[in-house]
Amino acid sequence: MATDSKETSEPGYSRHVFVCGNERPPGSQRGCCREKNSLEILRSMKNAARALGLADVRVQKSGCLDYCENGISCVIYPEGIWYSLSGEEDALKVVSSHLANGQVVEELLMDLK
Ligand code: FES
């Protein structure tokens with residue numbers, strides 16, 4: 001039977017987190033998440049999830065999620081919850097609350113209107 005690097009035999013994760021890592025040229029009208037340090041935020045979330053032992057959660061970089069003005073854009077599945085992250089503190093709240101306990105961080109929800 002096939003296994004992955006974590007020795008699990010079933011594909012998939014309990015939660016899958018995407019953090020936008022898209023970069024646009026400087027001065028772009030929409031801006032981009034990369035210029036807001038999204039890759040550092042991504043790294044912090046990965047490290048925090050690992051430190052909490054959340055082996056069934058996958059945190060990874062995505063391309064543009066098309067909410068550039070609201071970024072740093074982050075979406076978590078299977079719930080389809082969208083967050084606007086402004087820094088490491090926000091990212092760690094999402095990991096310790098949503099990823100670890102399933103509690104949505106209301107104050108960080110993205111305004112999708
Ligand atoms: S650049 Fe991040 S959502 Fe578009």
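## Charges and core in a predicted model

There are five salt bridges, counting a side-chain nitrogen of Lys or Arg within 4 Å of a carboxyl oxygen of Asp or Glu. The model is predicted, so local features need pLDDT of at least 70 and side-chain atom pairs pLDDT 80 or more, while totals for chains, interfaces and linings use all residues. Residues are numbered from 1 along each chain as its sequence is written, and side-chain values use heavy atoms, without hydrogens and water.

**Exercise 1.** Place the salt bridge between Arg 30 and Asp 66 in the chain, and state the exposure of both residues.

Step 1. The closest approach, N to O, is 2.9 Å.

Step 2. Arg 30 lies in the loop between E1 and H1 and Asp 66 in the loop between E2 and E3, 36 residues apart. Helices (H or I, at least four residues) and strands (E, at least two) are DSSP runs numbered from the N terminus.

Step 3. Arg 30 has 29% relative accessibility and counts as partly exposed; Asp 66, at 48%, is also partly exposed. The classes are buried under 20% relative accessible area, exposed over 50% and partly exposed in between (1.4 Å probe, protein chains only).

Step 4. Arg 30 and Asp 66 are linked with Glu 69 in a network of salt bridges.

**Exercise 2.** Locate the salt bridge of Glu 107 and Lys 93, and classify the exposure of each partner.

Step 1. The closest N and O atoms are 3.3 Å apart.

Step 2. Glu 107 is in the segment after H2, and Lys 93 is in helix H2, 14 residues away.

Step 3. Glu 107 is exposed at 54% relative accessibility, whereas Lys 93 is partly exposed at 31%.

**Exercise 3.** Which residues gather in the patch of positive charge, and which element gives the most?

Step 1. Patch members have over 30% relative accessible area and no salt bridge, with like charges joined within 9 Å.

Step 2. The residues are Arg 43, Lys 46, Arg 50, Arg 58 and Lys 61.

Step 3. Helix H1 (38-51) and strand E2 (57-62) each supply at least two of them, and H1 gives the most, with three.

Step 4. Lys 61, in strand E2, is partly exposed at 45% relative accessible area.

**Exercise 4.** Describe the largest nonpolar core.

Step 1. Such a core joins buried Ala, Val, Leu, Ile, Met, Phe, Trp, Tyr and Cys residues through side-chain atoms within 4.5 Å.

Step 2. The largest has 22 residues, and Val 17, Met 45, Tyr 83 and Leu 85 have the most contacts inside it.

Step 3. Elements giving two or more residues include strand E3 (73-77) and helix H2 (88-101). H1 gives the most, with five residues.

Technical notes. Patch = residues over 30% accessible without salt bridge, like charges linked within 9 Å, V, L, I, M, F, W, Y side chains within 5 Å. Areas by Shrake-Rupley, 256 points an atom, 1.4 Å probe, with all protein chains shown as cover. Lys, Arg positive; Asp, Glu negative; His and termini not counted. Charge placed at Lys NZ, Arg CZ, Asp CG, Glu CD.
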